[in-house]
Amino acid sequence: MIYLIGATLEIGDLVKIGTSVQPLARLKSLQTGCPNKIAILALVPGGHAFERTLHRRYARERVSGEWFKVSPRLREWALQQVMKAPQM
């Protein structure tokens, strides 16, 4: 499962694009080292190959490692994924 984790999807904020079979556990481990409250902002089916595709697609937005600055195009893609997600 591909996840986007961060505080918000506002332009200029940072999000982590990663993959995990346990996204909630991953969120908890990241929260431990982060002074700001973070959340899972989007979940997308996929594995490491799709994660690498996303990292290449948003390479201009990369800040460090798997952390990316939210740009209009990254935000648009993420919001599309949220809209596709099943409603609870």
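Mentor: Let's begin with one term: a residue counts as buried when its relative accessible area is under 20%, as exposed when that area is over 50%, and as partly exposed in between. Keep in mind too that we are looking at a predicted model.

Trainee: Thanks! Is Glu 61 buried or exposed, then, and why?

Mentor: Glu 61 is buried, because its relative accessible area is 8%. That value falls under the 20% cut-off.

Trainee: What does the side chain of Glu 61 meet?

Mentor: The side chain of Glu 61 forms a salt bridge with that of Arg 73, at 2.8 Å from N to O. This pair links distant parts of the chain, with Glu 61 in the loop between α2 and β4 and Arg 73 in helix α3 (residues 72-84), 12 residues apart. Arg 73 counts as partly exposed, because its relative accessibility is 31%.

Trainee: How many salt bridges does the whole structure have?

Mentor: A search finds 2 of them. Besides the pair just described, the side chains of Lys 16 and Glu 66 meet in a salt bridge, at 2.2 Å from N to O. Here too distant parts of the chain are linked: Lys 16 sits in strand β2 and Glu 66 in the loop between β4 and β5, 50 residues apart.

Trainee: How do I read the cover of these two, starting with Lys 16: is it buried or exposed?

Mentor: Use the same cut-offs again. Lys 16 counts as buried because its relative accessibility is 5%. Glu 66 has a relative accessible area of 26%, so Glu 66 is partly exposed.

Trainee: Let me step back. How many helices and strands are there in the protein?

Mentor: You can find 3 helices and 5 strands. Following the sequence from its start, you meet them in the pattern β-β-α-β-α-β-β-α. As for overall form, the radius of gyration is 12 Å, close to the 12 Å that the globule rule gives for 88 residues, so the protein is as compact as a globular protein of that length. The C-alpha trace spans about 30 × 30 × 25 Å along its principal axes, and 35% of the 88 residues count as buried.

Trainee: In what order do the strands lie in the sheet?

Mentor: The order in space is a separate thing to read from the order in sequence. Here the 5 strands make an open sheet in the order β3-β1-β2-β5-β4, with antiparallel pairing. At the edges are β3 (39-44) and β4 (62-64), each of which pairs on one side only. On average, neighbouring strands of this sheet are turned by 35° against each other, direction ignored.

Trainee: Which bridges should I look for?

Mentor: Start with β1: 5 bridges join it to β2, and the two run antiparallel. In that pairing, Tyr 3 has Gly 18 of β2 as its bridge partner. Another 5 bridges join β1 to β3, again antiparallel, and there Ile 5 is partnered by Ile 40 of β3. Then look at β4 and β5 (residues 67-69), which pair in the antiparallel sense over 2 bridges; Ser 64 has Trp 67 of β5 as its bridge partner.

Trainee: Which way do the residues of β1 point?

Mentor: The general idea is that in a regular strand the side chains alternate between the two faces of the sheet. In β1, Ile 2, Leu 4 and Gly 6 point one way, while Tyr 3 and Ile 5 point the other way. The strand is mostly covered, with 5 of its 5 residues buried.

Trainee: And where do the helices lie, beginning with α1?

Mentor: Helix α1 (residues 23-32) lies across β1 (2-6), β2 (14-19) and β3, running at about 145° to β3. Helix α2 packs on the sheet too, touching β1, β2, β3, β4 and β5, and its direction makes about 150° with that of β2.

Trainee: Could we finish with one residue of α2? What does His 55 touch?

Mentor: His 55 belongs to helix α2 (residues 48-57). Leaving aside residues up to four places away in sequence, His 55 touches Ile 17, Arg 62, Glu 66 and Phe 68. His 55 counts as buried because its relative accessibility is 10%. One of its contacts, Glu 66, is the salt-bridge partner of Lys 16 that you met earlier.

Key. Residues numbered from 1 in each chain as written. Predicted model: local features only at pLDDT ≥ 70, side-chain atom pairs only at ≥ 80, totals over all residues. Heavy atoms only, no water. Helix = DSSP H or I, 4+ residues; strand = E, 2+ residues; numbered from the N terminus. Buried < 20%, exposed > 50% of the residue type's maximum accessible area, 1.4 Å probe, protein only. Contact = heavy atoms within 4.5 Å. Pairing = 2+ DSSP bridges. Axes fitted to C-alpha atoms, helices over the stretch in contact; angles between N-to-C directions. Salt bridge = Lys/Arg side-chain N within 4 Å of Asp/Glu carboxyl O. Rg over C-alpha atoms; globule rule 2.2 N^0.38 Å.
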